[in-house]
Every structure is written in C-alpha cells, then in structure tokens.
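Visitor: Please take me through one part of this model in detail. I would like to look at the surroundings of the ligand and the helices there.

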Amino acid sequence: MKSRTAFRITLALAFVVTAGTLARATSFSPTAVAPTPVAADYEPVDNMHHLMEYIYGPVFGELKASQTNTDDENYWKTVKKTTLVIAEVTSLLAQRGPDGDNAKIWTDASQSLHNAAKATYQAGREKNQEGVTKNLALMQAGCKACHGTFKK
Ligand code: HEC
C-alpha cells in the first residue's frame, strides 16, 4: 500500500517535470508562439461610444472631482493616475479618426488633448498645482475641440 502511494507520487512528479520541460521547450519553438504584437497591429477592442463612456468620461470625471489638497499624497496620485491614462489612451484615440475632410480635426484635437494630459501629468509629478490648473483647462479644450465636430 505504502509503496503504491510512493509510486503514484513518483509518477505524478515525473508528469509535472515532463510537462514543465515540454512547456519550456515549446516556448522556444518559433512556430508554437504567437507573434509579439507591435504598435502597427493595434486593433480597437470596442467602439468609440464605449471608449468614451468607460474611460474618458469616468477618468476625466475623477480628475475634475478630486479635491485640490496639495498636502495630500492621494490628491497627487489621482492627478498622475488619471492624466497618464488619458495621455496614453489618446495616442491610440488619434489613430481612430475618420477618413476624409474632418480627419485633421480629429488628429489635431487628439494631439492637443495628449499634450495637455502629458503636461498635467508632469505638473502632477512636480506637485505644481499652478501647472495642473492651467493644463487641466487645456485638456478640457481638447475634449471640446473633438466633440464640437464628432459628438452628436
Ligand atoms: C478626438 C476625438 C475625441 C476627443 C479628443 C474626446 N472625445 Fe469624447 N467623444 C468622441 C466621440 C466621437 C463621441 C461620440 C461617441 C458615440 O456616442 O458614438 C464622444 C462621446 C463622449 C462621451 C459620451 C459617452 C456616452 O456615454 O454617451 C463622453 C462622456 C466623452 N466623450 C468624454 C470625453 C472627455 C472627458 C474627453 C476629454 C478628456 C473626450 N471625450 C475627448 C470623441 C472624442
């Protein structure tokens, strides 16, 4: 009985070790591994409506609703967290505009918003409230610049 249990354990261990070796072996095989995505392969996960509803609206809302308290580390964290999300996501937003006559309005608005969010983020890192206030207004202008043409 005891030796049978020991045998089973040995068998189980052998299986685990073999599986581990196989897993490692396949991860080096070029055919078994999915190609690493590059920026050019970027595919949107969902439509513009949901991107705005779930990311831009709530994230910018959180930033605007945060109580300015320059002595509070959490205030600066909120500034940095929200502006970094918007700055990074807006690089992707810029690629999702329409073709045709209005394409430039889309990319210009995205660029303004990206720049303003980046500047707000940097001001947050430096705990520079004046910079946050100034660039927050520019962020809002970036939202409006696009909505004026594209949001029904
Ligand atoms: C480059 C264009 C562009 C920029 C910049 C932009 N938006 Fe939008 N936004 C849109 C479009 C297009 C829609 C309409 C989407 C739809 O309903 O199909 C929209 C819709 C929205 C909505 C409505 C979503 C809903 O639930 O109905 C909110 C909220 C929103 N945007 C927030 C923002 C905020 C906040 C910013 C700035 C931080 C911003 N957007 C910047 C293009 C933009």
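Guide: In this predicted model, α2 gives the most to the shell around the ligand, namely seven residues. The whole shell counts 20 residues. Met 52, Glu 53, Gly 57, Cys 143 and Cys 146 are the closest. Four elements give two or more residues each: α2 (48-65), α3 (73-93), α4 (103-125) and α5 (129-150). Sort the shell by class and you get 13 nonpolar, five polar and two charged residues.

Now see how some of these helices pack. Two packed helices are described by the angle between their axes and the distance between the axes.

Take α3 and α4. Their axes come within 8 Å and cross at roughly 155°. An angle over 145 degrees counts as roughly antiparallel, so α3 and α4 are roughly antiparallel to each other. Their crossing is left-handed. On the α3 side, the contact includes Trp 76, Val 79, Lys 80 and Thr 83. On the α4 side, Ser 110, Leu 113, His 114 and Ala 117 are among the residues they meet. By class, this contact of α3 with α4 divides into nine nonpolar, seven polar and three charged residues.

Move on to α4 and α5. Here the axes come within 8 Å and cross at roughly 160°. That makes α4 roughly antiparallel to α5. The crossing of α4 past α5 is left-handed. The contact of α4 with α5 has 17 nonpolar and seven polar residues, and no charged ones.

Notes: Residues numbered from 1 in each chain as written. Predicted model: local features only at pLDDT ≥ 70, side-chain atom pairs only at ≥ 80, totals over all residues. Near = placed C-beta within 6 Å. Nonpolar A, V, L, I, M, F, W, Y, C, P; charged D, E, K, R; others polar. Axes fitted to C-alpha atoms, helices over the stretch in contact; angles between N-to-C directions. Parallel < 35°, antiparallel > 145°, perpendicular 65-115°, else oblique. Left-handed = near helix turned anticlockwise from the far one by under 90°. Contact = placed C-beta atoms within 7 Å.
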